[in-house]
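This briefing covers one protein chain: its make-up, its pockets and a few single residues.

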Amino acid sequence: MACGGNQQAETTNEVAQDSTKNQVVETIMTRRSIRQYKPEAVEREKMQIIVECGINAPNAMNRQPWEVRVVDNPDYINGVTELYKKANPKVAADSTFRNMFRNAPTVVFIGHDTKSESSPFDCGLLAENMMLSAWSMGIGSCCLGSPASFMRSPEAAEYLKKLNFSEGYELLYCIGFGYPDETPAAKPREAGKIQFIE
């Protein structure tokens, strides 16, 4: 049975007026990108929930054009970081630098189906689901482009191969996860970019 228009409008108004008690809205509005983490990896049981939230994201025609790889092995993370430091020696001068994934102890690598035009968008939806579900559990995250670029370089080929993406899939980006060791303030948003068109 379809909902009546008035009932839907009333529900929308209630959510807008009471958004501070709406857990989804609160999670979205309080989430920040985290770049300093406590050293312990996120428990695998929690990461399982996070990645399952990810693969339940909407996607074009339910093609699910993604592959997800979770890495919490320090040998892997530190090994590829050593190669990154050789290629980018200045990064090691930062006293807070521990690894190339913004110091995250758990990293999720997202591969996309290169034959699917919608896959970058679908993988973006997957990422947002993961990052928001993580934040709701007190786990920070940061979406990472530069480390993914290095992972696709010849220097890191051995580590990329270990991710075991299927043929036709390529690494698109990665996300660092961990327990926050900082509390960054919100940055201003440009509300003027929103318009309601009559």
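Of the 198 residues in the protein chain, 35% are buried (buried is under 20% relative accessible area, exposed over 50%, partly exposed in between, with a 1.4 Å probe and protein chains only). This is a predicted model, in which local features need pLDDT of at least 70 and side-chain atom pairs count only at pLDDT 80 or more, while totals for chains, interfaces and linings use all residues. Residues are numbered from 1 along each chain as its sequence is written, and side-chain values use heavy atoms, with hydrogens and water left out.

**Confidence**
- The protein chain has a mean pLDDT of 92, with 90% of its residues at 70 or more (pLDDT is the predictor's confidence in each residue, from 0 to 100).
- Residues 1-9 have pLDDT below 50, and this stretch makes 0 contacts in the model beyond near neighbours in sequence (a contact means heavy atoms within 4.5 Å).

**Fold and surface**
- The protein chain holds 7 helices and 4 strands (DSSP runs numbered from the N terminus, helices being H or I with at least four residues and strands E with at least two).
- Read from the N terminus, the order of elements is α-α-α-β-α-β-α-β-α-α-β.
- Of the contacts between residues at least 6 apart in sequence, 82% join residues at least 24 apart.
- The exposed area of the protein chain is about 12,600 Å², of which carbon and sulfur atoms supply 52% (Shrake-Rupley method, 1.4 Å probe; for residues, only the protein chains shown count as cover).

**Largest pocket**
- The largest pocket contains about 470 Å³ of space.
- A pocket here is an open set of points on a 1 Å grid over the protein atoms alone, where a 1.4 Å probe fits, with protein on both sides within 12 Å along at least five of seven lines; lining residues have an atom within 4 Å of a point.
- Grid points are joined across faces, edges and corners, and the volume is the space filled by probe spheres set on the points.
- The largest pocket is lined by 14 residues, and R31, R32, S33, K187 and R189 are the closest to its centre.
- Two or more lining residues each come from α2 (23-30) and α5 (119-136).
- The lining of the largest pocket comprises 6 nonpolar, 1 polar and 7 charged residues (nonpolar: Ala, Val, Leu, Ile, Met, Phe, Trp, Tyr, Cys and Pro; charged: Asp, Glu, Lys and Arg; polar: the others, Gly among them).

**Second largest pocket**
- The second largest pocket contains about 290 Å³ of space.
- Its lining has 17 residues, and Y84, F97, N99, M100 and R102 lie nearest the centre.
- β3 (140-144) and α6 (146-151) each give two or more residues to this lining, and β3 gives the most, with 3 residues.
- This lining divides into 8 nonpolar, 6 polar and 3 charged residues.

**Helix residues**
- A87 belongs to helix α4 (residues 74-87) and is partly exposed at 39% relative accessible area.
- Apart from neighbours within four places in sequence, A87 contacts F150 and E155; the C-alpha atoms of A87 and F150 are 9.2 Å apart, with their positions 63 residues apart along the chain.
- S133, in helix α5, counts as buried because its relative accessibility is 10%.
- Apart from neighbours within four places in sequence, S133 contacts I50 and C53.

**Loop residues with positive phi**
- N103, in the loop between α4 and β2 (106-113), is not a glycine but has a positive phi near 70°.
- N103 counts as buried, with 6% relative accessibility.
- N164, in the loop between α7 (157-162) and β4 (169-178), is not a glycine either and has a positive phi of about 55°.
- N164 is exposed, with a relative accessible area of 58%.
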